Amino acid sequence: MHAPLPTPGPPARARLLLLCAGALLPAALAVAQLGRVHPDEVYQFLEPAWHRAHGYGVLAWEWREGLRNWALPLLASWLLRLAALLGLDHPLAYRALLALPQAALHGAVLAAAYRSSLRRTGSGAAALLATALLALYGPVLVFAGRTLGESFSAAFLVLAVCALDGAPREGNAQELRHGLWGGLWLGLSVVARYGSAVFVLAALAWLAAARRLRALGGVLLAGGAVAAGLAALDAWSWGAPLHSLLAYLRFNVLSDGAVRQFGAQPPGFYLAPLALALPLWGLLALPAATRSLRARHLALAPVMALAYLAAVAATPHKEDRFLYPALVLLALAAAPAAASALRSLGSARARTGGALAALLLGLLPLWGYPALDLRGDQLRAIVRASRGGATGLLIVNEGLWGAGGFFYLGRPIPWTTCDWPRDAAFQGALADPRFNRAVTFEGRALAELQAGGFRVVGQEGRETLLAR
């Protein structure tokens, strides 16, 4: 039986407009807002890249002990060198430059999601709506423009799923080609984030169970090539092939290192964030999911997502952000069925109203997931304070891993963080004439700073900027 031919959809200009807007929106939000979903956004990507490009910066303990590979920070460092050549010395300018490749990657994700949705729905209008549901899904808006391993890895996972799900089943050369592309993207998802190896294992099991042997062979070939490249990169940067992967496994899997350093949470830890983060429009996809279960045909994306959720639930150390790649895959799986259900409503008014309601419901997780304070006002304040004659910066009420590093200072000036006026770092900064700028959160230690010769020169949200 042949799949139905796709029905005519919106014009190419409308599709291009949606893809470009959807690709740029998360990156533009990340640059305009600054802040950080997690300190890793700065200290596992931006700061190592800055260190590579300029020869100084804060290297977190993972970079001293070799638990990370240099693939993504090295690419970012080349862009930072280009920014220096172009005279882009403002943190917002070179942060925007770094956002362009990520926006392009997200655009590729949305284009692949559109093609996948078109295959599944047979309707151009439904495929466009499914892509919009994914593009305006709250967690995607929060994470897709962030320099986190979860963000990059999720993008590569979507590309892999779209390649493998779209492979023909006849066992021909085209299936092998799809497998090669899928293997490339799966391999890169692991390079971006080693924890995503669980997704890869689930994909391999799915291909084997479905007897998609040519696609499986392509995945193994391309994935092996990526692993060889990673081994060579680690040999060059750490002195031993796959050093970073093995160090990661020793710390996170083969020992209780992660638990001792970051703590442990119960298996039910993820129930609340999942309830907040799952898209309500996904309920429209439940009938299609039920039919798939009866037919004993499980799509690749939910298989990978559920296997991963089981793995992270069983892992003692847990964080909200770890859910993001699984959330994206679940949204990718549900969006076409939800869009088809909305397009089947009786009248044009009902279809339009239903689509708008679904898009708005997809934004609801913005108010609950991830459950943290992005502190964008602090990073914007740091950027402002480090301009115009700053020779040293004191940041009050923020530890080292919550600050912006030298990346957001943009110059090798001394800086320190503290919580209270009694802290040694506070007293040392006040006694050191090089520290002529300060940023304090919600007025903490404001009187002590003013007594030390600082005066208020500006405000950025909850942050007060001072100079002396």
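Select R193 first. In this predicted model, R193 has a relative accessibility of 12% and counts as buried, because the cut-off for buried is under 20%. R193 sits in the loop between α9 (173-192) and α10 (197-209). Now show what surrounds this arginine. Leaving out residues up to four places away in sequence, R193 touches G149, E150, S153, Y308, F322 and P325.

Next, select α8, residues 149-165, together with α9. Their axes come within 8 Å and cross at roughly 165°. That angle makes α8 roughly antiparallel to α9, because angles over 145 degrees count as such. The crossing is left-handed.

Colour the two faces where these helices meet. On the α8 side, pick G149, F152, S153, F156, L157, L159, A160, A163 and L164. On the α9 side, pick H178, G179, W181, G182, W185, L186, L188, S189 and A192. By class, this contact has 12 nonpolar residues, 6 polar ones and no charged ones. Two of the α8 residues, G149 and S153, also touch R193.

Stay on α9 and centre on L186. Which residues does L186 touch, beyond those up to four places away in sequence? They are L157, A160, L164, V200, A203, V219 and M304.

Widen the view from here. L186 belongs to the largest nonpolar core, which has 117 residues. L186, M304, L329 and W415 are the residues with the most contacts inside this core. Select helix α17, residues 324-343, next. Helix α17 gives the most to the core, with 14 residues. There is also a second, separate core of 11 residues. To find this smaller set, select F426, A429, F435 and A445, which are among its members. In soluble globular proteins, nonpolar side chains tend to be buried together.

Go to helix α11, residues 213-238, and select A235. Is A235 buried, exposed or partly exposed? A235 counts as partly exposed, because its relative accessibility is 33%. Setting aside residues up to four places away in sequence, A235 touches A240 and P241.

Three backbone stops follow.

Start with R211, in the loop between α10 and α11. R211 is not a glycine, yet has a positive phi of about 55°. This arginine is exposed, with a relative accessible area of 73%.

Then select N397, in the loop between β1 (393-396) and α20 (405-409). N397 also has a positive phi, about 70°, and is not a glycine either. Is N397 buried or exposed? At a relative accessible area of 16%, N397 is buried.

For the third stop, select Y369 and P370. The peptide bond from Y369 to P370 is cis, with omega near -5°. P370 is in the loop between α18 (348-363) and α19.

Finish on α19 itself, residues 376-385. This helix is mostly covered, with 8 of its 10 residues buried. To see them, select G376, D377, Q378, L379, A381, I382, V383 and A385. D377 and Q378 are among the buried residues here.

Key
Residues numbered from 1 in each chain as written. Predicted model: local features only at pLDDT ≥ 70, side-chain atom pairs only at ≥ 80, totals over all residues. Heavy atoms only, no water. Helix = DSSP H or I, 4+ residues; strand = E, 2+ residues; numbered from the N terminus. Buried < 20%, exposed > 50% of the residue type's maximum accessible area, 1.4 Å probe, protein only. Contact = heavy atoms within 4.5 Å. Axes fitted to C-alpha atoms, helices over the stretch in contact; angles between N-to-C directions. Parallel < 35°, antiparallel > 145°, perpendicular 65-115°, else oblique. Left-handed = near helix turned anticlockwise from the far one by under 90°. Nonpolar A, V, L, I, M, F, W, Y, C, P; charged D, E, K, R; others polar. Core = buried A, V, L, I, M, F, W, Y, C linked by side-chain atoms within 4.5 Å.
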